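Please open the structure in a viewer and keep the sequence panel at hand. The tour proceeds by selections, each followed by a description of what is found there.

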Amino acid sequence: MPRILVSGIKYALDSYMKNHGDALKLFGHVELYCIEDIIPFYDRRSGSNLLREIILFNKKISSLNVDVIISVGPKVGFLSSCAKLFVGCKHIHWFTGQPWSTSFLPQLTLSWWIDLFILLGSNAIIFDGPSQKKFFLGFFPFSLFRNAFTTPNGSISCVNSSLLSAGCSYLSSLESPESSSVFVIGYLGRLCYDKGLDIILRLASEDVFTKNFKFLIRGPLDTHIGRKNYSKYGSNSLSNFDSIIESLTHLPNVDIETSHCDPIEFFTKIDLFLLPSRREGFGLAAIEAQACARPVVCSDIYGLRDSVIHSKTGYKCQDYEAYVHAINLLRNPFVYKSFSREAYVHACFYAESVFNVDLSLLYRKVFASLHLFLAK
């Protein structure tokens with residue numbers, strides 16, 4: 001029976017890979033390992049201890065007699081590719097988004113070269129969404145001839161049933177947002193430039209809406225992302241990120257907290273979910289918002305093209321004017337109710353019961369491509 005090890009940082013395993021263990025049991029003995037448990041001094045953003053990290057990781061893989069490593073996250077993928085080279089196990093990597101996607105020349109970034117190394121050092125690759133796969137293969141066309149997969153619904157993870165329950169309750173008692181004096185627009189996620197906080201600031205500070213609006217913003221502050229990727233949006237904007245956060249905190253119509261927040265508690269407080277991100281893997285946060293029957297207004301980028309149905313469950317925007325127009329349209333009570341219902345229906349395709357079947361089908365294809373078959 002093959003020994004399968006699933007590895008990533010604790011956040012990734014807890015957030016994305018909880019359902020993968022059951023799906024993989026069909027193929028062998030499965031163990032999920034947080035990389036922090038294997039390498040106590042692990043730092044996903046530093047290479048100062050890289051040689052020691054490679055040695056420790058290879059030692060662990062060798063001691064466990066691992067046949068297949070399934071990795072998530074770029075640095076864990078890099079370590080797993082090294083293990084494939086030195087230990088001889090097979091390697092499957094989940095790509096969940098490319099930091100270099102916002103760069104004017106990706107080849108200048110370290111993250112591009114890491115992804116190239118992972119691509120060369122893996123037996124199969126899985127993408128968190130069809131549009132991400134299309135984007136990625138555009139930069140690495142030779143990988144068209146490799147084993148590249150996505151799940152049938154595109155996502156690496158499913159929607160929590162409690163979110164769908166909250167959405168069902170919301171729809172059953174849905175009152176027009178028109179009955180409220182304030183329409184609440186929410187953002188939930190990391191607070192960094194790549195997530196489009198500058199666009200949210202402009203929307204909140206300019207008088208562009210037909211009704212009263214309030215912005216609810218929650219998420220941990222992350223000033224690292226986007227600063228070292230030769231952003232096509234300009235280094236000057238990146239250096240002003242701190243001033244963006246400060247400006248948001250001083251606006252009277254913005255309620256911002258730089259901390260983690262319970263998704264259900266958050267989504268029940270808003271009318272519309274805003275995600276003007278410059279890069280996403282799949283856009284699971286958008287699916288979670290739709291599970292709570294909240295329409296989504298987001299950027300028209302890879303990842304979000306998979307998770308939002310334009311003009312049905314939300315709007316995908318290419319410029320600032322499109323955001324203003326979309327939000328004003330959804331303030332109409334009849335449009336809002338229709339989009340809320342469609343958003344909930346769309347999110348049901350990502351329910352746990354549906355996702356588990358899709359995930360099992362995916363791994364059957366992946367393991368067949370590696371000539372590894374069902375465990376007996």
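The stops below concern a predicted model.

**First stop: helix α13**

Begin by selecting residues 284–291, which form α13. How many of the eight residues of α13 are buried? Seven of them are, and the helix is thus described as mostly covered. The buried residues are Leu284, Ala286, Ile287, Glu288, Ala289, Gln290 and Ala291. To see what covers them, add the neighbouring elements to the selection. The buried residues of α13 pack against α8 (161–172), α12 (263–267) and α16 (333–347), among others. The partners also include β10 (272–275), β11 and α14.

**Second stop: alanine 293**

Move next to alanine 293, just after α13. This residue belongs to the loop that leads from α13 to β11 (296–299). Its backbone deserves inspection: alanine 293 has a positive phi of about 65°, although it is not a glycine. Most residues other than glycine have a negative phi. Is alanine 293 buried or exposed? Its relative accessibility is 0%, so alanine 293 counts as buried.

**Third stop: serine 311**

Now select serine 311, in the loop between α14 (304–307) and β12 (314–317). Serine 311 is likewise not a glycine and has a positive phi of about 65°. Its surroundings may be examined by displaying the molecular surface. Serine 311 is partly exposed, and its relative accessible area is 44%.

**Fourth stop: the cysteines**

Select cysteine 292 and display its sulfur atom. Cysteine 292 is buried, with a relative accessible area of 0%. Which cysteine holds the sulfur closest to that of cysteine 292? The answer is cysteine 348, but the separation is 11 Å, which is too far for a bond. Then select cysteine 261, which is partly exposed at a relative accessible area of 24%. For cysteine 261 the closest cysteine sulfur is that of cysteine 292, and the distance of 11 Å is again too far for a bond. A disulfide is a covalent bond between the sulfur atoms of two cysteines. The structure as a whole holds zero disulfides.

**Fifth stop: histidine 91 in strand β4**

Proceed to strand β4, residues 90–95, and pick out histidine 91, which is placed in this strand. Histidine 91 is buried, with a relative accessible area of 0%. Display the side chains of histidine 91 and serine 81 together: a polar contact of 3.3 Å joins them. If residues up to four places away in sequence are set aside, histidine 91 touches Ile69, Ser71, Gly77, Ser80, Ser81 and Lys84, among others. The contacts of histidine 91 also include Ile118, Gly121, Ser122, Asn123 and Ala124.

**Final stop: the largest cavity**

Remain with β4 and turn to the internal space that it helps to line. There are two cavities of 30 Å³ or more, and the largest has a volume of about 60 Å³. To outline the largest cavity, select Gly73, Pro74, His93, Trp94, Phe95, Thr96, Gly97, Pro99 and Asp115, which line it. Which element supplies the largest share of this lining? Strand β4 does, with three residues. What classes of residue make up the lining of the largest cavity? Four are nonpolar, four are polar and one is charged. Colouring the selection by class will display this composition, and with that view the tour ends.

Key. Residues numbered from 1 in each chain as written. Predicted model: local features only at pLDDT ≥ 70, side-chain atom pairs only at ≥ 80, totals over all residues. Heavy atoms only, no water. Helix = DSSP H or I, 4+ residues; strand = E, 2+ residues; numbered from the N terminus. Buried < 20%, exposed > 50% of the residue type's maximum accessible area, 1.4 Å probe, protein only. 1 Å grid on protein atoms, 1.4 Å probe; cavity = no way out; pocket = protein on both sides within 12 Å on 5 of 7 lines; lining within 4 Å. Points joined across faces, edges and corners; volume = space filled by probe spheres on them. Nonpolar A, V, L, I, M, F, W, Y, C, P; charged D, E, K, R; others polar. Contact = heavy atoms within 4.5 Å. Polar contact = N/O pair within 3.5 Å; in protein donor to acceptor, adjacent residues only side chain to side chain. Disulfide = S-S within 2.5 Å.
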